[in-house]
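Trainee: I have a new complex to look at and would like to learn how to read it. Could you walk me through it, feature by feature?

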Amino acid sequence: MLNFDIEITGEFVAFFVLSVCAIVGAVLAINFTKVVHTALSIAFTFVSIAGLYVLLEAEFIAFVQVLLYVGAITILMIFGIMMTKHDGEGKEPGRPLHDTLAAIGCICLFGILFYGIRNANFPTESAPFVEDNTREIGKALFTQYAIPFELVSVLLTVAFIGAIALAKREEESSQ
Amino acid sequence: MSMLSSYLTLAAVLFCIGLFGVLTKRNAIIVLLSIELMLNAVNLNLIAFSKYGVNPSIAGHIFSLFTITVAAAEAAVGIAVLIVLYRSRATVNVDEFDELRR
């Protein structure tokens, strides 16, 4: 079953290096005790995933990933870390039974997913992919997906107004 | 083993690491970051299928753009809720927010 007949190409080497970076960043993020280290390690994982997007010929998504995940979400999390206190971190009593059960569950899920991926029949050669994908994304967004695009912009506006209102109200009542 | 299987396996690994972080970590900020990691794994699947799938098209890119937008909204609202909770309870540990259970 496990016949890894991989031809060593430049693409595969790049994929291997980037995926190792992504997995190492994620594992370190789970293992660090300080929250700031976790946030920076997750940012490293996000940058590696952006590299994988470039490898998959999705340059626009890669730049959106760098702008939004690395630039916005990680910085937002670092601001969240700054505005809350983390004195007792790393000193809390562990929950060995709970952690072990969670680890077993995650490994079981990965086993099922890996079994499914190994047994699936994917087409060997794919049709040629679109060349200028940023232009194609723009065309699709403003023709076929125009209504979902507008809806998601409304959702984003509502969510940000809601976030500001949530974080502001307590301050007014305490003054 | 084709490139598609490699990408799907990598996404499964990242998803399981994120799930483990969500289930075991107590700090709410780490839980939010783990959720972002899981969403990123799903995005990687969408982009991989968009290139190597049965019918390669741009739709996977569009879907992942929508996922990224919703993830940004989720992170913003999550951090706002977390700051309000921190003001009232002076903690960010998720297992101490248990008023509904008591």
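**Reading a two-chain helical model**

Mentor: Happy to. Let us begin with burial: of the 175 residues in chain A, 22% are buried. Keep in mind that this is a predicted model.

Trainee: Then how far can I trust it, and what is the mean pLDDT of each chain?

Mentor: Here is the general idea: where pLDDT is low, the predicted coordinates should not be read in detail. In this case chain A averages a pLDDT of 85, with 84% of the residues scoring at least 70. Chain B has a mean pLDDT of 89, and 99% of its residues reach 70 or more. Within chain A, confidence is highest in H2(A), at a mean of 93, and lowest in H6(A), at 85. For the complex, the predictor gives an ipTM of 0.92 and a pTM of 0.89.

Trainee: How many helices and strands does chain A have?

Mentor: Count the elements, then read them in order. Chain A has six helices and zero strands, and its pattern along the sequence is α-α-α-α-α-α. You can also ask how far apart in sequence the contacting residues are. Among the contacts in chain A between residues at least 6 apart in sequence, 54% join residues at least 24 apart.

Trainee: Now the interface. How many residues of each chain are in contact with the other?

Mentor: The contacts involve 70 residues of chain A and 56 residues of chain B. On the chain A side, H1 (10-31), H2 (35-55), H3 (59-83), H4 (96-119), H5 (133-142) and H6 (146-174) each supply at least two residues. By type, that side of chain A has 54 nonpolar, nine polar and seven charged residues.

Trainee: When two helices meet across the interface, what do I look at?

Mentor: Look at the approach of the axes, their angle, and then the residues. The axes of H1(A) and H1(B), residues 3-24 of chain B, come within 10 Å and cross at roughly 5°. That angle is under 35 degrees, so H1(A) is roughly parallel to H1(B). From H1(A), the contact uses Phe15(A), Ser19(A), Ala22(A), Ile23(A), Ala26(A), Val27(A) and Ile30(A). From H1(B) come Ser6(B), Leu10(B), Val13(B), Leu14(B), Ile17(B), Phe20(B) and Gly21(B).

Trainee: Why would residues three or four places apart point the same way?

Mentor: An α-helix has 3.6 residues a turn, so residues three or four places apart point the same way. Try that idea on the two lists above. As for chemistry, this contact of H1(A) with H1(B) has eleven nonpolar residues, three polar and no charged.

Trainee: Are H3(A) and H2(B) roughly parallel or roughly antiparallel?

Mentor: Their axes come within 11 Å and cross at roughly 170°. H3(A) and H2(B) are therefore roughly antiparallel to each other. H3(A) contributes Ile61(A), Tyr69(A), Ile73(A), Met77(A), Gly80(A) and Ile81(A), while H2(B) contributes Ile29(B), Leu32(B), Leu33(B), Glu36(B) and Ile47(B). These divide into nine nonpolar residues, one polar and one charged.

Trainee: How would I check H2(B) itself?

Mentor: Compare its span with what a helix should give. At 1.5 Å a residue, the 25 residues of H2(B) should span 36 Å, and its end C-alpha atoms are 36 Å apart, which agrees. H2(B) is also mostly covered, with 21 of its 25 residues buried.

Trainee: Which residues have a positive phi although they are not glycines?

Mentor: Glu57(A), with a phi of about 60°, is one of them. Glu57(A) sits in the loop between H2 and H3 of chain A and is partly exposed, with 17 other C-beta atoms within 10 Å. Ala90(B) is another, with a positive phi of about 55°. Ala90(B) belongs to the segment after H3 of chain B and is exposed, having 10 other C-beta atoms within 10 Å.

Trainee: And where does Leu100(B) lie?

Mentor: In the segment after H3 (59-89) of chain B. Leu100(B) counts as exposed, with 5 C-beta neighbours inside 10 Å. Its C-alpha atom is separated by 35 Å from that of Ala11(B), 89 residues away along the chain.

Trainee: One last residue: what is Asp99(A) in contact with, beyond its sequence neighbours?

Mentor: Leaving aside neighbours within four places in sequence, Asp99(A) is in contact with Gly94(A) and Thr24(B). Asp99(A) lies in helix H4 of chain A and is partly exposed, with 14 other C-beta atoms within 10 Å.

How values were computed. Residues are numbered from 1 along each chain as its sequence is written. Chains are lettered from A and ligands numbered from 1 in the order in which they are written. This is a predicted model: local features need pLDDT of at least 70, side-chain atom pairs count only at pLDDT 80 or more; totals for chains, interfaces and linings use all residues. Helices (H or I, at least four residues) and strands (E, at least two) are DSSP runs, numbered from the N terminus. A residue is buried if 20 or more other C-beta atoms lie within 10 Å of its own, exposed if 12 or fewer, and partly exposed in between; C-beta atoms are placed from the backbone. Two residues are in contact if their C-beta atoms, placed from the backbone, lie within 7 Å. Ala, Val, Leu, Ile, Met, Phe, Trp, Tyr, Cys and Pro count as nonpolar, Asp, Glu, Lys and Arg as charged, and the others, Gly among them, as polar. Axes are lines fitted to C-alpha atoms, for helices over the stretch in contact, and angles run from 0 to 180 degrees between N-to-C directions. Angles under 35 degrees count as roughly parallel, over 145 as roughly antiparallel, 65 to 115 as roughly perpendicular and the rest as oblique. The expected span of a helix is 1.5 Å times one less than its number of residues. pLDDT is the predictor's confidence in each residue, from 0 to 100.
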